Amino acid sequence: MRNLRTYLLIFLLFPLILFAEDGSKLWLRFPDSQNGISAAKIISKGKNLTLDIAKKELTTYWQGQIVELRTEKSLHYLKDGYRIYSTPEKIVISAGKQTGLLYGVYHILRLQQTKSDISHLNITEKPSYDVRILNHWDNLDGSVERGYAGKSLWKWDDLPNKLSPRYEEYARANASIGINSVVFNNVNASPNMLRTDYLQKVKVLADIFRPYGIRVYLSVNFSSPKVLGGLENSDPLNKEVHKWWKDKAAEIYKLIPDFGGFLVKANSEGQPGPQDYGRTHADGANMMADVLKPFGGIVMWRAFVYSPSKEDRAKQAYLEFLPLDGKFRDNVIVQIKNGPIDFQPREPFNPLFGALKKTSEMAEFQITQEYLGFSNHLVFLAPLFKETLESDTYADGKGSTVAKITDGSLRNTKITAIAGVANIGEDTNWTGNIFAQANWYAFGRLAWNHELSSEKIADEWIKMTFTNQQEFVNPVKDMMLSSRETTVDYMMPLGLHHIFAFDHHYGPEPWGDIPGGRPDWMPVYYHKADENGLGFDRTETGSNAVSQYFPPLNAIFGNIETCPENLLLWFHHVPWTYKMKDGKTLWEEISFKYDSGVKNVRAYQKTWDKMEPYVDAERFRQIQSKLKVQSKDAVWWKDACLLYFQTFSKMPIPYEIERPVHELDDLKKIKLDLKHHN
Ligand code: GCV
């Protein structure tokens, strides 16, 4: 009897389980031909795993005319790109490579899903970057550094024999937005990653990813020869060390013939590196580049280096790398974080972009929201990514944007690449917050075409993920597009930075100054509030970080009158009574900014509540609940920062804005139990 009841329950619940709107489908919600009519008739010659996937996607989801898939040698110049055009009888997708055809198929499926006009297609696409790569900061024990979507997707203990279906789903999601490369493991890398048993696991994943056009890379620990190989040291100029890496490379390529290469964090935040042996970053990178070269592999060498010295942290990477320009092998690319400090809500672009004239450079963005409210806050990151990419470095004259410096259009760059630190984990909805999926999507779309507008990307994502109904699309898009600025306003307006709670970086701690702690990890190092004013003087009278920018930017940033106001406190120590462009004092301006951040999040709550009729209950509630947290956090940020800075400004919080609801002393007592490696 009991069994019968259980069966009955399962039977009744089955449709719910099957159609659970749990966010697991991401933006890949193409109408299933089982529900509609698949009109896909595919004309294609040849057989290959990638082509099979392209055809399967079409037969399962395409509902339009006949599609012809055609590889053409003459289109090799498009790299992973493709052409799509309509004839009276059919749509032709042609490409130099099969991966191009797969990307072309996802393109027309996207057009179908967003209800775009597909009657007269004439499209040519060529990706902005050759290597469009996700950097996972996943550890071998299943934890994810700065991960907020559960544990790692990679089940190292189960591999290579047991395979999660999510590996292929992940590869498909990446392919659908043009991502073609993946680093599996944390840049704080365990030497064990290079153990033979782990390489065999990596091989299995590489085999799953290959048909989706994805190459795999690994983060490597510089001390691997010593720790793993038992050598005396890991000195890059030691012949035995060189041989160790050479043999390791051969072992890897035997298993994974299209292995992409290494990502290296060296001599940074306690990681080993060539400087441990008195060698330079170029010595270290070149040694690895030499062993990878015969196999076509590359080294992505990170420029994120700084130490607790007297020198302004914002200047250190530039000082370290500039003398090495021209000394790197041509299969080395220097991977540079978008800003000079560390993925803050707003930073100026990193002055290294453009400064290394004889070295390939790539940008690294953080998709995971370490400094942006984890997976609790809705922050659409396309505007942040684009702000950096569109920044003019003036390195080769006006128009030398970060995008053009890195995409090879301005310089004859050997390798072009762009990296995003992944926000993906084993959570059912992949990213911990459905709106965070949009950041994975945006990174992929911009890596493919950095000229796409944030508006276009948001529009596509909303339509694919939710609905095409304008009543939904427009307000949700407005909310997404303003969300990054809103977050800057309630966290760190006007160029403030790094005033986060220690270590886990969730929530405000502008008073943070642990006695004996590393000064460059303390908020007071960054905001320098005192009775005179607020902000870090990086002009000639201060650290002179402005001098690292090309003219005229050094002068623009260096002058308080011409410095963009959204970076004012990054570059200047500004008196509390300083008159801003709108006539308010700095103190008033900052107060209104915090208030406006809070108000905007409240407005998002209202917007979202009105969206209830257009979205399934499950996703509606998930997002509603996240917005509640964001709203509370915004007030927490505002109260903490204003009440604390008020102890220096000694001015009243402008009476027009809402009064604090917390006591500063209570806020100072908050200690969240968030593990760094969660
Ligand atoms: C992977 C910041 C983060 C660290 C991270 C580091 C990096 O400092 O807080 O968790 O380590 O950047 O990018 O190497």
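Helices are DSSP runs of H or I with at least four residues, numbered from the N terminus. The exercises below concern a predicted model.

**Exercise 1. Locate threonine 59, and decide whether it is buried, partly exposed or exposed.**

Solution. The first step is to place the residue: threonine 59 belongs to helix α2, which covers residues 49-61. The second step is to read its accessibility, and because the relative accessible area of threonine 59 is 38%, the residue is classed as partly exposed; the buried class would need a value under 20%, and the exposed class one over 50%. A last step looks at a distance, for lysine 41 stands 18 residues from threonine 59 in sequence, while 7.5 Å separates the two in space, C-alpha to C-alpha.

**Exercise 2. Carry out the corresponding analysis for alanine 363, and state which residues it is in contact with once neighbours within four places in sequence are left aside.**

Solution. Begin with the element: alanine 363 lies in strand β12, residues 360-366. Next comes accessibility, and since its relative accessible area is 1%, alanine 363 counts as buried. With neighbours within four places in sequence left aside, its contacts are Ile336, Phe353, Thr406, Ala417, Ile418 and Ala419. Valine 402 can be added as a distance, being 39 residues away from alanine 363 in sequence and 8.2 Å away in space, C-alpha to C-alpha.

**Exercise 3. Describe the largest nonpolar core, and identify the helix that gives the largest share of it.**

Solution. The general expectation is that, in soluble globular proteins, nonpolar side chains tend to be buried together. Here the largest nonpolar core holds 216 residues, and those with the most contacts inside it are Trp440, Trp608 and Phe645. The largest share of this core is the 14 residues that come from helix α19, residues 617-649.

**Exercise 4. Find the largest cavity, and characterise its lining.**

Solution. A search of the whole structure returns nine cavities of 30 Å³ or more, and the largest of them has a volume of about 130 Å³. Its lining comprises 17 residues, of which Ala303, Phe304, Ala317, Pro340 and Ile341 are the closest to the centre. Two elements, α9 (313-321) and β11 (332-337), give two or more residues to this lining, and α9 gives the most, with six residues. Sorted by class, the lining of the largest cavity has 11 nonpolar, three polar and three charged residues.

**Exercise 5. Determine which domains supply the lining of the second largest cavity, and relate serine 176 to that site.**

Solution. Start from the division of the chain into domain 1 (19-125), domain 2 (131-452) and domain 3 (488-536 + 573-668). The second largest cavity encloses about 70 Å³, and its lining draws at least three residues from each of domain 1 and domain 2. At the level of helices, α3 (98-113), α4 (166-177) and α12 (434-448) each supply at least two lining residues. By class, this lining has six nonpolar, two polar and two charged residues; Tyr82, Arg110, Ser176 and Trp448 are among them.

Serine 176 itself sits in helix α4 and counts as buried because its relative accessibility is 7%. Neighbours within four places in sequence left aside, serine 176 is in contact with Trp27, Leu28, Tyr106 and Arg110; Tyr106 and Arg110 also line the second largest cavity.

**Exercise 6. State how far apart the C-alpha centres of domain 1 and domain 3 lie, and how many residues are in contact.**

Solution. The C-alpha centres of domain 1 and domain 3 are 46 Å apart. Contact between these domains involves five residues of domain 1 and four residues of domain 3.

Note on methods: Residues numbered from 1 in each chain as written. Predicted model: local features only at pLDDT ≥ 70, side-chain atom pairs only at ≥ 80, totals over all residues. Heavy atoms only, no water. Core = buried A, V, L, I, M, F, W, Y, C linked by side-chain atoms within 4.5 Å. Buried < 20%, exposed > 50% of the residue type's maximum accessible area, 1.4 Å probe, protein only. 1 Å grid on protein atoms, 1.4 Å probe; cavity = no way out; pocket = protein on both sides within 12 Å on 5 of 7 lines; lining within 4 Å. Points joined across faces, edges and corners; volume = space filled by probe spheres on them. Nonpolar A, V, L, I, M, F, W, Y, C, P; charged D, E, K, R; others polar. Domains from an automatic or database assignment. Contact = heavy atoms within 4.5 Å.
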